[in-house]
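Dear colleague,

Please find below the structure that I am handing over to you, followed by an account of what was found in it. I would be grateful if you would read the two side by side.

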Amino acid sequence: MLTKFDLVNTDGLKGLSYDGDFVPFDKITDELAEQLEGKTHVLKRKSPAAAAKAMKAVEAESAK
Amino acid sequence: MKKLFPALKMGLFLMALLLLATSLFPDQALALAQAVPHGADVLHALVGDAAAGGTMLGCVVVPIAEIILDDCPNPGGLTDIHVIRRRDILTFPDPGADKVTISTAIVPKAGCGFVPWEFAQDSGEINHKSAGDAGNQSIAHDLNVYVPRGSATTDAVIQSALNGDFVVIGRDSNGNLRIAGDKRRGVKFEHDYKSGKKGNDKNGTDFKFSGEGFTHVPFYYTAAIPLKA
């Protein structure tokens with residue numbers, strides 16, 4: 001799940017072709033998003049506060 | 001063995017002569033030794049300026065990085081292509097400082113994206129060449145693939161692609177993405193279907209995307225390709 005980035009402008013798109021692979025949007029991780037930053041228009045970096053909030057939500061979800 | 005002893009004798013004689021000359025003319029011997037490259041100078045003469053990262057052998061300078069890049073497999077052909085109509089592109093980035101590499105994303109209009117076109121293995125190629133008379137030269141791009149079989153699906157694509165104005169990204173077998181067409185000039189689509197005559201003849205369609213009058217080779221593209229749903 002993406003915590004540091006938001007997916008944007010994905011209307012009508014199903015994913016990306018990157019480095020020879022098809023990458024569906026739901027398979028984009030934070031690590032891959034870091035690589036893709038600036039190389040696609042569908043990723044927007046979250047503000048530090050929003051990223052921290054998303055990280056807390058993920059941690060809370062995994063603690064259940 | 002008979003030939004070895006005379007050679008050894010000659011070697012000893014020359015060494016003795018050298019020692020004698022050195023002891024008789026020490027200043028000249030020192031000047032001669034300093035004139036001949038040695039130590040770091042020999043290394044510099046062989047590998048060139050280390051700071052420049054190059055080797056210099058026989059007066060040919062080849063950067064070490066380039067040798068390493070060349071010293072690997074170099075297969076031909078294309079492995080995949082992605083197609084979009086030029087009018088569906090919102091932003092076509094400019095190339096970087098090298099004038100041939102685009103490293104930021106091509107942005108399609110909302111609801112649009114690239115679509116992959118399947119083709120027979122070992123049938124895809126992208127070419128570019130100079131065109132036009134001297135004083136009016138430009139660059140022509142063409143990208144060709146072969147799609148086996150005659151089918152309603154393939155023919156429907158042909159029906160809708162004629163007179164289209166496309167931008168096509170082909171991935172070569174070395175992993176480089178190359179763009180045929182640009183933001184101002186697309187590549188046109190042509191096809192040539194042949195059923196063949198005999199049982200082992202080819203039955204399929206040659207697809208060709210081509211364009212002339214470009215001011216650049218097919219750009220290299222290092223960003224991601226947005227795919228239409």
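A residue is taken as buried if 20 or more other C-beta atoms lie within 10 Å of its own C-beta atom, and as exposed if 12 or fewer do. Please bear in mind throughout that this is a predicted model.

Helices of chain B

By that criterion, helix H1 of chain B (residues 4-24) lies largely in the open, because the number of buried residues among its 21 is 0. The length of H1(B) agrees with expectation: at 1.5 Å a residue its 21 residues should span 30 Å, and its end C-alpha atoms are 30 Å apart. Helix H5(B) also lies largely in the open, since 0 of its 10 residues are buried. After H5(B) comes Asn163(B), which has a positive phi near 65°.

Chain B as a whole

In total, the secondary structure of chain B amounts to 5 helices and 15 strands. Of the 229 residues in chain B, 20% are buried. When contacts in chain B between residues at least 6 apart in sequence are considered, 65% of them join residues at least 24 apart.

The nonpolar core

In soluble globular proteins, nonpolar side chains tend to be buried together. Here the largest nonpolar core has 38 residues, and those that touch the most other members are Ile81(B), Leu143(B), Phe166(B), Val168(B), Ile169(B), Ala180(B) and Phe209(B). What does Phe209(B) contact once its neighbours within four places in sequence are left aside? The contacts of Phe209(B) are Asp142(B), Leu143(B), Phe166(B), Val168(B), Ala180(B), Val187(B) and Phe189(B).

The contact between the chains

Chain B contributes 17 residues to the contact and chain A contributes 15 residues. On the side of chain B that touches chain A, strand S15 (residues 225-228) gives the most, with 4 residues. Sorted by class, that side of chain B comprises 10 nonpolar, 5 polar and 2 charged residues.

Strand pairing also links the two chains: strand S2 of chain A (residues 13-18) and S15(B) pair in the antiparallel sense over 4 bridges. Within this pairing, Ser17(A) has Ile225(B) as its bridge partner in S15(B). S2(A) also pairs with S3(A), again in the antiparallel sense and over 4 bridges, and there Gly15(A) stands opposite Pro24(A) of S3(A).

The outcome is an open sheet of 3 strands, with antiparallel pairing, in the order S3(A)-S2(A)-S15(B). Strand S3 of chain A (21-24) and S15 of chain B are the edge strands, each pairing on one side only. From one strand to the next, the twist averages 35°.

A hairpin and its surroundings

Within chain B, strand S8 (residues 125-131) and strand S9 (residues 138-148) pair in the antiparallel sense over 7 bridges. Ala131(B) stands opposite Ser138(B) in S9(B). The hairpin formed by S8(B) and S9(B) has 6 residues between the strands, and in it Gly132(B) adopts a positive phi near 100°.

Two further residues with positive phi deserve a mention. Asp122(B), which is not a glycine, has a positive phi of about 65°; it is found in the loop between strand S7 (115-117) and S8 of chain B. Asp122(B) is exposed, with 12 other C-beta atoms within 10 Å. Arg149(B), likewise not a glycine, has a positive phi of about 75° and lies in the loop between S9 and helix H5 (152-161) of chain B. Is Arg149(B) buried or exposed? Arg149(B) is exposed, because 12 other C-beta atoms lie within 10 Å.

The loop at Asp88(B)

Asp88(B) is found in the loop between strand S3 (78-85) and strand S4 (89-91) of chain B. It counts as partly exposed, because it has 16 C-beta neighbours inside 10 Å. Its neighbours within four places in sequence aside, Asp88(B) is in contact with Pro108(B), Lys109(B) and Cys112(B). Asp88(B) and Phe114(B) are 26 residues apart in sequence, and their C-alpha atoms are 9.2 Å apart in space.

Yours sincerely

Definitions and conventions
Residues numbered from 1 in each chain as written. Chains lettered and ligands numbered in written order. Predicted model: local features only at pLDDT ≥ 70, side-chain atom pairs only at ≥ 80, totals over all residues. Contact = placed C-beta atoms within 7 Å. Nonpolar A, V, L, I, M, F, W, Y, C, P; charged D, E, K, R; others polar. Pairing = 2+ DSSP bridges. Axes fitted to C-alpha atoms, helices over the stretch in contact; angles between N-to-C directions. Core = buried A, V, L, I, M, F, W, Y, C linked by C-beta atoms within 7 Å. Expected span 1.5 Å × (residues − 1).
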